[in-house]
Amino acid sequence: MLSPARTKYRKSQKGSRSGNAKRGHSLAFGEFGLQSLTRGPMTGQQIEAARIVISRHLKRKGKLWIRVFPHKPITKKPAEVRQGQGKGPVEYYVAQIKPGLVLFELAGVPVAIAREAFRLADSKLPFHCRFIVREGTVV
Amino acid sequence: MKNYQLNVMARQGTGRSASRRLRNAGKIPAVLYGKHTKPESLAVGTVEFIQLLKDIAGKASLVELKRDSAAPSLSILQEIQRDPITDRFLHIDLQEVKENEKMVINVTVHLTGESTGVKNENGVLEIGSHQVRIRCLPKDLPPFIEVDVTELSVGKTIHLGDLKPITGVEFLGSKDQPVVSCVEPVAEVVVEAAAAAPVAGAVPAEGAAPAAGAVPAEGAAAAPAGDDAKAAAGAPAKGAAAPAAAAPVKGAGDKKAAPAKK
């Protein structure tokens, strides 16, 4: 599961996810990409689930880039604990996803396989995504 | 080489509001700048520009700007800004060039042939530089930089210095800059290596806080889920980091005990 090796501060405030992605919204490495259209948190578990489903569909062909990383710690109070007594412990980490962010990139596979792999990955994610292709790529 | 033509008109307003009005009116705000001219705010018809991009089809090309007030000038498309979600054109940067003056431009790399690494060794072509920066006269501008990858086997890389020289064209950048390489399809390993290290590191950070009992429990759950030797290796590291700390299950028990104290 993806999580930071060490963090400056253990816990963080909720923050906001307003606006669109100002960076990381175009293809940097591969020919095909999965781009978010709405916003939401993407947990390390979801990144892993999407990665697994993509790599299984590719059957060791092609090359995959993961463009997101769960930097933000999310805390949760344990079960059956009353309110108060401070913030709960860190439960998991998420990546803050804004519309337009490219989540995954692929290269070295036909477009049909890339499209299906990303469709399967999209079904693991809590926000809408779309399939994008680098300009000039023959599909 | 063929010159493409584009009708442009001067625009008065600048800034966000004026640009929005312009886009709503079916035009794209643009700017023309160059070494010998002052920057000039322009507007371009959206439909005409889309047609121009279709004609250009990714080639490096010169665009002749036609204006009512001034003589036509030669330019290159320096940058095209698009909305990442709607794909609507936001702004165009045009750079004026002179016919007798060398210019610097990014040209797309085109791969030709089928690599032996892909054909016989199940490799994957990884393009290190989708575009190459060159310096040349406008008349020498190549539409693409063609790279023959037929001889490329797994583990081999074509660098910028290995590209076939083109008359009148100078490649900018380091000669060691990789353009295209043939690699084994091992994307998973890269990711898992990155994933395994943080888990091991995260545990001591959480273990430092006595109240953070839930996080080791999650880390322990992650180890079998990873079905990986690296993930399994993460477990002893965690145990070594906090030997005195209770086992994950015990940690959960501690949390339950906490409210009882209250």
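# A tour of chains A and B

Select B:V107 and then B:V132 in strand 9 of chain B, because the two residues stand opposite each other (two strands are taken to pair if DSSP finds at least two bridges between them). The model on the screen is predicted, so local features need pLDDT of at least 70 and side-chain atom pairs count only at pLDDT 80 or more, while totals for chains, interfaces and linings use all residues. Residues are numbered from 1 along each chain as its sequence is written, chains are lettered from A and ligands numbered from 1 in the order in which they are written, and side-chain values use heavy atoms, with hydrogens and water left out.

## Chain B: the sheet around strand 7

Extend the selection to residues 103-112, which are strand 7 of chain B, and to residues 131-136, which are strand 9; six bridges join these two strands, and they run antiparallel. Strands here are DSSP runs of E with at least two residues, helices are runs of H or I with at least four residues, and both are numbered from the N terminus. Adding strand 10 and strand 12 shows an open sheet of four strands in the order 10-7-9-12, with mixed pairing. Strand 10 and strand 12 (169-171) stand at the edges, and each has a single partner strand, so one side of each is left without a neighbour in the sheet. From one strand to the next, the twist averages 40°, where axes are lines fitted to C-alpha atoms, for helices over the stretch in contact, and angles run from 0 to 180 degrees between N-to-C directions.

Next, select B:S153, in the loop between strand 10 (145-148) and strand 11 (157-159) of chain B. With 17% relative accessibility, B:S153 counts as buried; buried means under 20% relative accessible area, exposed over 50%, and partly exposed in between, with a 1.4 Å probe and protein chains only. Leaving aside residues up to four places away in sequence, B:S153 touches B:T116, B:G117, B:E121 and B:C182, a contact being heavy atoms within 4.5 Å.

## Chain B: strand 2 and its partners

Move to residues 27-33, strand 2 of chain B, where five of the seven residues are buried, so the strand is largely enclosed by the rest of the structure. Six bridges join strand 2 to strand 3 (residues 40-45) of chain B in an antiparallel arrangement, and the two form a hairpin with six residues between them. To see one of these pairings, select B:A30, whose bridge partner in strand 3 of chain B is B:L42. Strand 2 of chain B is also joined, by four bridges, to strand 6 (residues 89-96) of chain B, and these two run parallel; here B:V31 has B:D93 as its bridge partner in strand 6.

A further stop is B:A57, in the loop between helix 2 (46-56) and strand 4 (62-66) of chain B. The phi of B:A57 is near 50°, a positive value in a residue other than glycine, and at 49% relative accessibility B:A57 counts as partly exposed. As background, most residues other than glycine have a negative phi.

## Chain A: the whole chain, then its sheet

Now show chain A, which has two helices and seven strands in the sequence pattern β-β-α-β-β-β-β-α-β. The C-alpha atoms of chain A fill a box of roughly 60 × 30 × 25 Å along the principal axes, and buried residues make up 42% of its 139 residues.

Four strands of chain A form an open sheet in the order 3-6-1-7, with antiparallel pairing. Strand 3 (63-66) and strand 7 (129-133) are at the edges with a single partner strand each, so one side of each has no neighbour in the sheet. Neighbouring strands of this sheet are turned by 20° against each other on average, direction ignored. Strand 1 (residues 32-36) and strand 7 of chain A pair in the antiparallel sense over five bridges, and A:Q35 stands opposite A:R130 in strand 7.

With the sheet still displayed, add helix 1 (residues 44-58), which lies across strand 3 and strand 6 (102-107) of chain A and runs at about 15° to strand 6. Then add helix 2 (residues 111-122), which lies across strand 1, strand 6 and strand 7 of chain A, at about 25° to strand 1.

The last selection is A:E80, in the loop between strand 4 (72-75) and strand 5 (90-97) of chain A. A:E80 has a positive phi of about 60° although it is not a glycine, and it is exposed, with a relative accessible area of 73%.
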